Amino acid sequence: MKTPTFRFVFDRKKQATKKTKGLVQIEVCFNRQRKWISTGIKLYSDQWKDRQMAVNHPQSMQLNDSLNLQIGALRDWANDLAKSGIDFEMGMVQRFIDAPKTSDETFIDYVERKISERKDIRDSTKKTQSKLIGALKEFGGIAYFSDISQSSVMAFDRWLHGKYSVQSTIHSYHKFLKIYANMAIKDGLLKSDPYLGMRIDRGKTSDIKYLTEEEFSKFETADIADPSLCRVRDMFVFQCLTGMAYSDMAQFDSSKVENGVYKAHRQKTGETFIILLTDKAKAVLDKYGGHLPIISNQKYNLYLKTVAAIAGISKPMTSHMARHTFATLMLSKGAKIQNVAKMLGHADIATTQIYAKVLAKDVLEDFKKVQGV
């Protein structure tokens, strides 16, 4: 069955200059017939390249995301027609454009359904993203598809700032909202990206907390009489020596260790991570017969604070702090950042570079203290 082809056409009417914008359209071609659909995006003559699409624009990435979503929705629609055995006719394009993109679902219902249906993310990620549903219900300003606009997103941002003090937390809510807004665009339920032209700050790297080498040594060697607290200390030490997140440690399988090397996939992202078990890490494993004494993350974090108090450490302890500690200790010992990224299972080295920046900042501050600056 023959299907239409789609491509982007910039400035079809040859109006664009460096001072006058031209329109980006989607050309639909079928049986030597052509039709053009407006994307609503206009650019100057030096802001478009056929292969790269939008370039030299402050929001090039967002513009290209919007363009890809629009042409993707058309291609999905055409493919659905073919799968249903419906012969394509050029007149269908206008009906697709004019068709009311409505749903009995509210946007909040839509987000809830999409999260539950997704097969590309883990249950732990679904649980995290589901926090958006509660936030939207509490905010009250984004309930229906018709509510979604740049002004409502900005109002949501102000509401988040009134509720949370940590910018990285605020950024995560925006990240989740953007994901499902883009899905709604692809499904034909939204016309445009409400985040187009907006930039949400990810937050400062100074929020990362870790143990220094001296603090780690105090934690590792603290005299602990209680067996339960001792097990908690051993788990945290194992995390600091391997860089594992709590969820990965909870799934640790000693049968996967070959020649002292452990290779697995992160529970959170599915990315592969590789670690070499040091003698100290092996000692922890041997102590428990190769099976770590896992307890719930909630209890683990609670008991960590008690262990920290015994060790004379005043920092607020959490299980994830061990991962930060591993990263900063490895980098401070001279490990290559690319290798640390692989050990941590980071898909993007930019994530690992955050630790290097934090480490450099702390070193500089300590130097200033010594110099009396």
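Which residue forms a salt bridge with Glu213, and how far apart are the closest N and O atoms? The partner is Lys333, with the closest N and O atoms 2.8 Å apart, where a salt bridge is a side-chain nitrogen of Lys or Arg within 4 Å of a carboxyl oxygen of Asp or Glu. This is a predicted model, in which local features need pLDDT of at least 70 and side-chain atom pairs count only at pLDDT 80 or more, while totals for chains, interfaces and linings use all residues. Residues are numbered from 1 along each chain as its sequence is written, and side-chain values use heavy atoms, with hydrogens and water left out.

**Salt bridges**

- The pair of Glu213 and Lys333 links distant parts of the chain, 120 residues apart, with Glu213 in helix H8 (residues 213-221) and Lys333 in the loop between H13 and helix H14 (337-344); helices (H or I, at least four residues) and strands (E, at least two) are DSSP runs, numbered from the N terminus.
- Glu213 is partly exposed at 46% relative accessible area, whereas Lys333 is exposed at 58%, given that buried means under 20% relative accessible area, exposed over 50%, and partly exposed in between (1.4 Å probe, protein chains only).
- Salt bridges that share partners join Arg7, Glu27 and Arg34 into one network.
- Within that network, Glu27 and Arg34 have their closest N and O atoms 3.5 Å apart; Glu27 is buried at 6% relative accessibility, while Arg34 is partly exposed at 47%.
- Glu117 forms a salt bridge with Arg113, the closest N and O atoms being 3.2 Å apart, and both residues lie in helix H3 (residues 107-117), 4 residues apart, which is about one turn of the helix.
- Both members of this helical pair are partly exposed, Glu117 with a relative accessible area of 41% and Arg113 with 30%.
- The structure holds 14 salt bridges, including those described here.

**A buried threonine in helix H13**

- Thr328 lies in helix H13 (residues 320-332) and is buried, with a relative accessible area of 2%.
- The side chain of Thr328 reaches two backbone oxygens, that of His324 at 3.0 Å and that of Thr325 at 3.1 Å.

**An open sheet of three strands**

- Strands in the order E6-E7-E8 make up an open sheet of 3 strands with antiparallel pairing, two strands being paired if DSSP finds at least two bridges between them.
- Strand E6 (257-258) and strand E8 (272-276) stand at the edges and each has a single partner strand, so one side of each is left without a neighbour in the sheet.
- E6 is joined to strand E7 (residues 261-265) by 2 bridges, and the two strands run antiparallel; Val257 has Tyr262 in E7 as its bridge partner.

**Positive phi values**

- Most residues other than glycine have a negative phi.
- Asn31, in the loop between strand E2 (22-30) and strand E3 (33-43), has a positive phi near 50° although it is not glycine, and Asn31 is partly exposed, with a relative accessible area of 45%.
- Met53, which is placed in strand E5 (residues 53-54), has a positive phi of about 65° without being a glycine, and Met53 counts as buried at 11% relative accessibility.

Key
Polar contact = N/O pair within 3.5 Å; in protein donor to acceptor, adjacent residues only side chain to side chain.
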